[in-house]
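I opened the file to take notes on fold, core, ligand shell and a few backbone details. The entries are in the order in which I looked things up.

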Amino acid sequence: MSTKELYTAAAFTVALFLGASVVLAAGAHSGGHEDDDDHSTDDMLEGMRELHADHDHGHDFAAMDHISEDDMHRTLDFLVDVGLVVPNMDSQRGAELFFEKGCIVCHVVNGVGGEIGPSFNAADMPHPMNAFEFAARMWRGAPAMVAMQEDLFGEMIQLDGQQLADIVAFVHDEGAQSEVSADQIPANFRDLIP
Ligand code: HEC
């Protein structure tokens, strides 16, 4: 993992510490995988601001201006030392996965999709939303979901951790959800929606 990934992962945790709602980690839209060790916390905060520029979460970024670069570095180093990371979470990638993997066949977002399972309109999601709680709910719903997926798709949907993280970001992001339309549903899934 590059320093940048560690820092963006830690930044996510800091945001949760500070009581902010979900912060999509800095750099998520730039590919996020280049090995770039030269990222100051200013760049990181700038990245977070950019990611939030087009949707109105009303985060108090000014509050971060009062934390010195040094204190921010020490806090991030501390969190990285703790050794737990949250991956970059990208709601645009999550949107694509939500359609490609077929979640859309059974879960409505912004009026698009099937109604076999519960709806995932971002506006109705808990705020702040706990990504792990979403995963735990998925686990509880797994027996029914897996049976239905095997029935409808012939197999169970496979996801890795990064893909789940991106899907959680999409489920929480009203801005990203407002851009989806029924045309994006892959043809093989369209006919399965009752
Ligand atoms: C074939 C239909 C189907 C597909 C496809 C499907 N789900 Fe579900 N899902 C369901 C049903 C039905 C439930 C409710 C299960 C229950 O209550 O036991 C559910 C429940 C859930 C829950 C728990 C919701 C709650 O309120 O407790 C989550 C989270 C979830 N699904 C996420 C996903 C994600 C993410 C995908 C795509 C990777 C997906 N589902 C694909 C049918 C589906």
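The entries below go from the whole chain to single residues.

Entry 1, the model. I noted at the outset that this is a predicted model.

Entry 2, the chain. I looked up the secondary structure and found 10 helices and 0 strands. Read from the N terminus, the order of elements is therefore α-α-α-α-α-α-α-α-α-α, by the helix and strand runs that DSSP assigns. I then checked burial: 32% of the 194 residues count as buried. For contacts with a separation of 6 or more, I found that 74% join residues 24 or more positions apart.

Entry 3, the nonpolar core. I looked at the largest nonpolar core, which has 22 residues. Phe98, Ile104, Ile167, Val168, Phe170 and Val171 touch the most other members. Two or more residues come from each of α5 (91-100), α6 and α8 (161-172). Helix α8 gives the most, with 6 residues. I followed Phe98 further and set aside its neighbours within four places in sequence; Phe98 is then in contact with Cys103, Ile104, Val109, Ile167 and Phe170.

Entry 4, Ala165. I picked Ala165, which is placed in helix α8. Is Ala165 buried or exposed? I count 23 other C-beta atoms within 10 Å, so Ala165 is buried, the threshold being 20 or more. Beyond its neighbours within four places in sequence, Ala165 has contacts with Pro87, Met89 and Ala131. I also took the C-alpha separation of Ala165 and Ala135, which is 9.4 Å for two residues 30 apart along the chain.

Entry 5, the ligand shell. How many residues surround the ligand? I find 21, and the closest are Cys103, Cys106, Gly117, Gly141 and Met148. At least two residues of the shell come from each of α6 (103-106) and α7 (131-153). Helix α7 gives the most to the shell, with 9 residues. I sorted the shell by class and got 14 nonpolar, 5 polar and 2 charged residues.

Entry 6, the loop between α6 and α7. I looked here for backbone irregularities. Pro128 lies in this loop, and the peptide bond from His127 to Pro128 is cis, with omega near -5 degrees. Asn110 lies in the loop between α6 and α7 as well. Asn110 is not a glycine, yet its phi is positive, at about 50 degrees. I checked its surroundings: Asn110 has 17 C-beta neighbours inside 10 Å and so counts as partly exposed.

Entry 7, helix α4. I tested the length of α4 (residues 69-82) against the expected rise. At 1.5 Å a residue, its 14 residues should span 20 Å, and the end C-alpha atoms are 20 Å apart, so the two agree. Which residues of α4 are buried? They are Met72, Leu76 and Leu79. These buried residues cover an arc of only 60 degrees around the axis, which means that they sit on the same side of α4. On the other side of α4, I find Asp70, Asp71, Arg74, Phe78 and Asp81 exposed. Last, I looked at what comes after the helix: α4 is followed by Gly83, whose phi is positive, near 90 degrees.

Key. Residues numbered from 1 in each chain as written. Predicted model: local features only at pLDDT ≥ 70, side-chain atom pairs only at ≥ 80, totals over all residues. Near = placed C-beta within 6 Å. Nonpolar A, V, L, I, M, F, W, Y, C, P; charged D, E, K, R; others polar. Buried ≥ 20, exposed ≤ 12 C-beta atoms within 10 Å, placed from the backbone. Core = buried A, V, L, I, M, F, W, Y, C linked by C-beta atoms within 7 Å. Contact = placed C-beta atoms within 7 Å. Expected span 1.5 Å × (residues − 1). Arc of directions from axis to C-beta.
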